[in-house]
Amino acid sequence: MTSIGQIIDENSSRTLAPAAVASQVALMSVVSVAAVITFNVLRPKNKAIYEPKVKYHVGDKKPPPISDSLLGWLPPLYRTTEPELLEKFGLDAVTFLRFTRMMRSIFSAVAFICCAILLPIDAVYNLKHVPSSGRDILSMLTIRDVEGSYLFAHVAVTYMISILVMFFVWRHWKVMLHLRQRWFRSPEYMESFYARTLAIMHVPKKYQSDAGIRAIFDSVQVPYPTTSVHIGRKVGRLPELIDYHNDIVRQLEQVLVTYLKDGKIAKERPTVRIGGFLGMGGIKRDAIDFYTAKLQRVNKAIEDYRREIDTRQAENYGFASMAAVPYAHTVANMLRNKHPKGTDVTLAPNPKDIIWANMNKSPADLFQKKVVGFLLLVLVCFFNTIPLFIISILANLSSISTYVGFLSAWSTASPGSFAFISGVLPPGISALFGVALPVVMRYLSRFQGALTHSRLDRAVVARYYAFLVISQLVIFTLIGVGFIAAEQVVSEIGEHVSFADIINSLHSLPATINSTYINQSSYWLTFFPLRGFLTVFDLAQILNLVWIFIKKSIFGRTPRDIREWTQPAEFEYAIYYSILLFMGTVALVFAPLAPLVALAGAVVFWASSWVYKYQLMFVFVTKVESGGRLWNMIVNRLLVSVVLMQLLMALTIGLQYGFKSFLWLTTVPPILFIVAFKVWIDKTFYHQFLYYIPSREELEHAQVHSSRADASGNRIERRFGHPALHMELFTPMLHANMMPLLGEVYKGPIGNDKAKLGEYGGKKLSAQVIDCGIKFASVEQRDLEYDPALYKRDRGELDWDARSMASAAIFGHRPSESASVYHQKAAFYSTGGDSGRSSPAPLNYSRTNMQSEIELSRLGQSADDLPLLHDRGYDYPMGRQTPPPPVPTLPPRFASPSPPYASGGGVYLSPAEDFREAPLHRPYTPSREGLNHATTPPQYNLAGRGARHPV
């Protein structure tokens with residue numbers, strides 16, 4: 001009688017199933033070509049989907065002309081150069097495209113080396129030493145059965161791969177530093193108010209006032225003064241109420257549009273189930289009446305809350321503007337590790353980038369959220385082992401078919417379809433389960449306290465990438481090892497081996513690990529064709545078209561939906577970076593073991609570089625420009641991938657020769673090279689990448705803003721006041737052809753009025769008012785799409801100040817009551833009492849008094865504290881009119897030669913209306929100690945009258 005072990009050996013096809021891989025490659029190639037054809041056919045007639053940026057762009061940054069011909073989208077891709085991309089689409093987009101180009105260059109070179117050197121060696125060894133019954137066309141092209149000195153050819157290739165990666169990283173790091181410094185000197189950045197603003201986090205209660213923020217800067221003796229300051233103000237639950245209100249408006253609009261679809265009233269009024277679970281239980285209510293009553297209640301709640309909100313209460317964060325962009329970067333650079341008065345002083349992010357809900361979190365709150373978020377992340381990883389187990393079973397169908405009757409019969413009756421399913425299904429299931437993971441990662445990262453959307457992107461890349469590597473590389477391989485161990489035990493049980501012998505035979509299990517993780521390359525050879533198809537599928541935007549069709553045909557689209565869908569969507573950098581990095585890690589890890597995986601990775605990276613270039617040029621926009629801030633962390637993870645490749649090669653040599661032989665140590669030097677290279681990269685590039693380091697000439701010609709200009713315009717409060725204080729609430733909108741039916745929907749008097757909509761730039765539209773006071777704006781067909789002029793206004797940076805309402809304006813704050821040398825008492829908290837936080841205004845105000853208050857205390861004589869710019873036109877106090885002293889040598893730490901790409905060595909200088917050169921504050925010499933100058937900050941309550949000190 002044939003033993004079960006023989007049955008396994010005879011009937012189970014090897015894990016490297018050529019038929020399964022071939023079927024997946026063939027299928028994905030066919031559907032990818034079909035997707036490209038679909039894209040070419042649909043693109044000319046669906047420009048709102050495939051070319052929205054042609055219509056919606058900022059300023060004159062219009063994408064290059066694109067033809068409607070079948071392949072008319074290709075010429076702009078290879079004709080558009082990187083400088084043009086940087087000018088029109090921003091540094092974040094250029095950074096992503098440079099990363100894709102770097103990856104395709106790396107893997108083109110890696111695939112060429114591996115295929116040219118390792119494939120012939122592996123094939124020759126298999127033909128000479130492995131019987132034909134023990135090999136197939138794919139196993140011959142891997143290291144699985146290679147032994148002896150042939151293995152060291154693979155070790156030598158890992159040295160070459162490490163050198164290649166370091167070369168390309170160094171080359172692209174140099175270019176990225178050049179691009180980053182060029183971005184710092186661009187007109188958009190130099191004229192942005194946030195670029196010369198500092199953020200002060202974790203402000204102690206004693207310093208939670210405008211005067212307190214100034215005192216913090218006085219205490220650290222920075223060489224440049226602040227032109228305006230602003231302490232954050234508590235807004236309580238107002239942001240939550242506004243979000244809740246806007247969600248209700250969306251739900252009410254959708255219910256009404258569905259009920260009044262095509263200008264006709266449906267037969268039955270829509271209902272909503274309150275309570276219950278999965279459509280069971282609960283109470284059914286009329287959806288229109290339910291959301292209308294809900295909207296009425298939340299409107300009243302917001303009005304009451306805004307009347308009662310106490311904006312005198314300060315938060316533990318604030319902002320301070322400097323006179324010029326170089327000054328802000330210099331001060332941020334000086335204070336990056338000093339934590340004055342226990343605070344953290346950094347460059348302020350773009351206000352659009354701030355996640356305001358996380359700004360006021362204390363260190364204790366952040367620690368708690370990080371711990372809880374980490375535990376939730378571990379829980380998600382644990383539950384992800386369920387789909388991984390399913391994928392592993394599908395990837396090893398041939399191994400388990402012996403034990404499952406219908407699988408055995410299927411594989412015997414139809415080996416072709418069996419191989420097809422075993423090749424197509426595993427990567428498909430993996431992609432399906434991976435759809436929700438980025439959303440979960442983004443939620444957890446935000447929960448853990450990310451302060452900005454760009455920092456949130458960095459957190460998502462770090463967590464999602466680590467999750468993919470741990471789950472789909474490490475755990476997936478361990479599950480495969482478990483299958484091999486179980487197969488070995490079952491085989492020996494079938495041969496009636498005793499339990500003691502089975503336990504003793506497990507010592508040979510480590511020898512099977514080598515072939516196990518190499519055999520997993522068959523799965524990755526089916527994974528890369530799927531990723532290539534998904535990349536092309538993104539280009540075709542088929543899911544987007546299908547969803548719009550379903551939404552329009554079945555539910556109807558609200559005016560708000562149409563407005564939001566006509567403008568360009570935001571590009572999910574974090575998700576795409578994570579996926580590309582994970583593909584790069586897989587390709588690098590398996591490159592010396594199974595060179596075809598590296599070749600598959602190179603093909604996918606070439607396709608990705610062209611597809612994503614089209615999407616960033618014509619389809620997607622960057623949410624908030626961060627200046628390529630993700631570059632450093634993605635390079636770090638690429639270098640980690642090289643280390644993982646070396647560790648796996650060390651494991652392979654150790655398993656083949658035994659770890660006692662110490663031959664595995666031949667794989668260690670490249671790891672040390674990578675570590676040393678990373679240290680050198682950080683010292684050479686990273687610091688200059690973080691900060692704008694001006695040259696001496698740039699400091700002398702910097703565009704300088706005065707305190708008076710910043711204070712009179714109240715700019716810092718406009719830009720960095722909490723948006724909930726000036727955010728406009730949504731007004732319900734309906735299609736114009738549905739408005740006559742509103743009287744039949746709401747029984748009662750309907751009035752006519754005008755509604756001023758912030759979504760339309762303050763434009764007044766015809767509206768109807770129902771008896772409870774809710775307005776419904778009427779939107780004509782011609783007004784449904786987003787207005788390109790409004791899009792330019794909303795996306796542009798330079799007009800942001802003009803259209804932004806000061807947060808205090810809602811409460812009667814006049815522009816004249818702005819932050820100055822002393823904390824002014826604004827209208828909404830200038831009343832008497834002891835609850836205010838504002839410091840009392842000075843009784844005797846004079847130029848001399850002001851000068852003594854804003855002069856910084858004496859600086860030390862270290863190189864870091866020397867003044868950086870001579871004071872042309874500076875009027876000294878006490879009537880002194882002596883010429884300014886010669887300019888001291890610029891500290892090397894904050895100086896750099898003029899960049900070669902800046903014309904004339906200078907920077908962009910715009911017309912300086914309303915600007916004057918701010919006086920510079922120099923360290924006093926001992927001979928000037930007689931002047932009115934305090935060396936230590938005054939010991940008074942900086943938090944204002946009535947503020948309680950923590951016990």
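This passage walks through the fold, the cores, one surface patch, one helix and the salt bridges of a predicted model.

Starting with the overall picture, the protein chain is built from 36 helices and twelve strands. Of its 951 residues, 51% are buried. Contacts reach a long way along the chain: among those between residues at least 6 apart in sequence, 82% join residues at least 24 apart. On the outside, the accessible surface adds up to about 42400 Å², and carbon and sulfur atoms account for 62% of that.

Inside, the largest nonpolar core takes in 139 residues, and F96, F319 and Y614 are the ones with the most contacts within it. Helix α7, which spans residues 91–129, is the top contributor to this core, supplying 16 residues. As for F96, leaving out residues up to four places away in sequence, its contacts are F571, Y573, Y576, Y577, L580, Y612 and L616. There is also a second core, separate from the largest one, with 33 residues; L241, L256, I302 and A724 are among them.

Y614 turns up again in the surroundings of E51. This glutamate sits in the loop between α3 (47–50) and α4 (52–55). Its relative accessibility is just 4%, and because the cut-off for buried is under 20%, E51 counts as buried. Setting aside neighbours within four places in sequence, E51 touches R43, I66, Y614 and F618. E51 also belongs to a network of salt bridges that links it with R43, K47 and D68.

Back at the surface, V33, I37, V41, L70, L71, L74, Y78, W606 and W610 make up a nonpolar patch of about 880 Å². Three helices each put in at least two residues: α2 (18–42), α5 (74–79) and α27 (595–619). The biggest share comes from α2, with three residues, and I37 is a residue of that helix.

Helix α19 (residues 437–447) shows how one helix can divide its residues between inside and outside. Its buried residues are L437, P438, M441, L444 and S445. Viewed down the helix axis, these fall within an arc of 130°, so they line one face of α19. The face turned away from that buried side carries V439 and Y443, both exposed. After the helix comes G449, with a positive phi near 105°.

Across the whole structure, a search turns up 26 salt bridges. In one of them, E82 pairs with R101, with the closest N and O atoms 2.8 Å apart. E82 belongs to helix α6 (residues 82–89) and R101 to helix α7, so this pair ties together parts that are 19 residues apart in sequence. The two partners differ in how covered they are: E82 is buried, at 15% relative accessibility, while R101 is partly exposed, at 23%.

Another salt bridge brings together the side chains of R237 and E240, with an N to O distance of 3.9 Å. Here R237 is partly exposed, with a relative accessible area of 46%, and E240 is exposed, at 53%. D262 and K261 form a further salt bridge, in which the closest N and O atoms are 3.4 Å apart. D262 is exposed, at 57% relative accessibility, whereas K261 is partly exposed, at 22%.

How values were computed
Residues are numbered from 1 along each chain as its sequence is written. This is a predicted model: local features need pLDDT of at least 70, side-chain atom pairs count only at pLDDT 80 or more; totals for chains, interfaces and linings use all residues. Side-chain values use heavy atoms; hydrogens and water are left out. Helices (H or I, at least four residues) and strands (E, at least two) are DSSP runs, numbered from the N terminus. Buried means under 20% relative accessible area, exposed over 50%, partly exposed in between (1.4 Å probe, protein chains only). Contact means heavy atoms within 4.5 Å. Accessible areas come from the Shrake-Rupley method with a 1.4 Å probe; for residues, only the protein chains shown count as cover. A nonpolar core is a set of buried Ala, Val, Leu, Ile, Met, Phe, Trp, Tyr and Cys residues joined through side-chain atoms within 4.5 Å. Patches are made of residues with over 30% relative accessible area and no salt bridge: like charges are joined within 9 Å, nonpolar side chains (Val, Leu, Ile, Met, Phe, Trp, Tyr) within 5 Å. A salt bridge is a side-chain nitrogen of Lys or Arg within 4 Å of a carboxyl oxygen of Asp or Glu. The arc is that of the directions from the helix axis to the C-beta atoms.
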